[in-house]
Amino acid sequence: MLKQYKSDVCPQYLYYASAFIVQQIESHPRFVTAHRISIFNALPDEPSTFELIKRWCDSKEIYLPVITGGVIQLARYSSDSCTKTGLYNIIEPVTNEYFTDYASLDLILVPGVAFDETGNRLGRGRGYYDELMSRTGFENVYKIGVCFDFQKFKTLPTDLHDIRVDEVI
């Protein structure tokens with residue numbers, strides 16, 4: 001049902017809704033005060049984070065996900081970073097140096113297919129973000145789920161390994 005709804009949504013709506021979501025993120029107190037942030041590079045059906053990444057990559061430490069060997073890693077991104085098209089056609093930094101000091105992250109922006117009112121998240125089924133956020137050091141990192149309004153639900157089914165976000169924008 002949600003997949004069909006997404007495919008029926010006007011591209012202009014997604015563009016303007018993405019811009020509004022980015023404004024909400026940029027004015028959020030957690031973002032304003034954050035120094036180190038992990039931000040997802042959006043798939044075509046997710047709120048676009050490209051402008052957010054581009055605008056802040058030289059004044060904040062931005063870490064983007066990199067999928068390597070079936071495992072999600074975080075890599076530093078700046079305006080002079082070399083990039084490549086990675087798994088799922090997502091642009092990611094080219095590096096062999098991955099960020100592992102998760103406790104020093106101030107904020108992570110998390111994508112999802114759907115979110116509910118208590119911060120439960122439905123991902124794409126691979127478990128990348130649940131595995132990442134379950135690593136030692138993520139316990140105190142503030143987690144914001146990012147989605148369009150039509151991806152927000154009252155409740156979602158959950159599994160024991162699912163990691164909740166603190167809030168949804």
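**Group meeting: a predicted model, from overall fold to single residues**

The secondary structure of this protein comes to five helices and 11 strands. Please keep in mind throughout that we are looking at a predicted model.

Let me begin with the overall dimensions. Taken along the principal axes, the C-alpha atoms fill a box of roughly 40 × 35 × 35 Å. For a chain of 169 residues, a compact globule would have a radius of gyration near 15 Å, and the protein agrees with this because its own value is 15 Å. Of the 169 residues, 48% count as buried. The accessible surface comes to about 9,400 Å², and carbon and sulfur atoms account for 52% of that area. As for the contacts with a separation of 6 or more, 67% of them link residues 24 or more positions apart.

I turn now to the sheets. By way of background, strands of a sheet pair through backbone hydrogen bonds, in either a parallel or an antiparallel sense.

One open sheet has six strands in the order 3-2-1-6-9-11, and its pairing is mixed. At its edges stand strand 3, residues 71-77, and strand 11, residues 167-168; each has a single partner strand, so one side of each is left without a neighbour in the sheet.

Let us walk through part of this sheet. Strand 1 runs parallel to strand 2, residues 61-68, and three bridges join the two. Within strand 2, Y63 is the residue that stands opposite S38. Strand 1 also pairs with strand 6, again in the parallel sense, over two bridges. There, the bridge partner of I37 is L107 in strand 6. Moving on in the order, strand 6 and strand 9, residues 142-146, run parallel and are joined by five bridges. On this side, I108 stands opposite K143 of strand 9.

Strand 6 deserves a closer look. How many of the five residues of strand 6 are buried? Five of the five are, so the strand, which covers residues 107-111, is largely enclosed by the rest of the structure. Its side chains point in two directions: L107, L109 and P111 one way, I108 and V110 the other way, and all are buried.

There is also an open sheet of three strands, in the order 8-7-10, with mixed pairing. Its edge strands are strand 8, residues 121-122, and strand 10, residues 152-153, each of which pairs on one side only. Strand 7, residues 114-116, pairs with strand 10 in the parallel sense over two bridges. One position to find on the screen is F115, whose bridge partner in strand 10 is K152.

I should next like to visit three loop residues.

The first of my examples is D45, placed in the loop between strand 1, residues 36-38, and helix 4, residues 50-56. D45 counts as partly exposed, because its relative accessibility is 26%. Its side chain is joined to that of R124 by a polar contact of 2.6 Å. D45 and C147 are 102 residues apart in sequence, yet their C-alpha atoms are 9.7 Å apart in space.

My next example is S78, in the loop between strand 3 and strand 4. Is S78 buried or exposed? With a relative accessible area of 15%, S78 is buried. Leaving aside neighbours within four places in sequence, S78 is in contact with C57 and D58.

The last example is L87, in the loop between strand 4, residues 83-85, and strand 5, residues 91-93. L87 is partly exposed, at a relative accessible area of 41%. Its contacts, again without neighbours within four places in sequence, are I67, E92 and Y128. From L87 to G70 the C-alpha distance is 9.5 Å, across 17 residues of sequence.

Finally, the cysteines. How many disulfides does the structure hold? The count is zero. Why does C10 not form a bond with C147? C147 carries the closest cysteine sulfur to that of C10, but the two are 19 Å apart, which is too far for a bond. C82 gives a similar account: its closest cysteine sulfur is that of C57, at 13 Å, and therefore too far for a bond. With regard to accessibility, C10 counts as partly exposed at 39%, whereas C82 counts as exposed at 57%.

That concludes the tour of the model; I am glad to take questions.

Terms used:
Residues are numbered from 1 along each chain as its sequence is written. This is a predicted model: local features need pLDDT of at least 70, side-chain atom pairs count only at pLDDT 80 or more; totals for chains, interfaces and linings use all residues. Side-chain values use heavy atoms; hydrogens and water are left out. Two strands pair if DSSP finds at least two bridges between them. Helices (H or I, at least four residues) and strands (E, at least two) are DSSP runs, numbered from the N terminus. A disulfide is a pair of cysteine sulfur atoms within 2.5 Å. Buried means under 20% relative accessible area, exposed over 50%, partly exposed in between (1.4 Å probe, protein chains only). The radius of gyration is taken over C-alpha atoms; the globule rule is 2.2 Å times the number of residues to the power 0.38. Contact means heavy atoms within 4.5 Å. Accessible areas come from the Shrake-Rupley method with a 1.4 Å probe; for residues, only the protein chains shown count as cover. A polar contact is a pair of N or O atoms within 3.5 Å; within protein, one must be able to donate a hydrogen and the other to accept it, and residues adjacent in sequence count only if both atoms are side-chain atoms.
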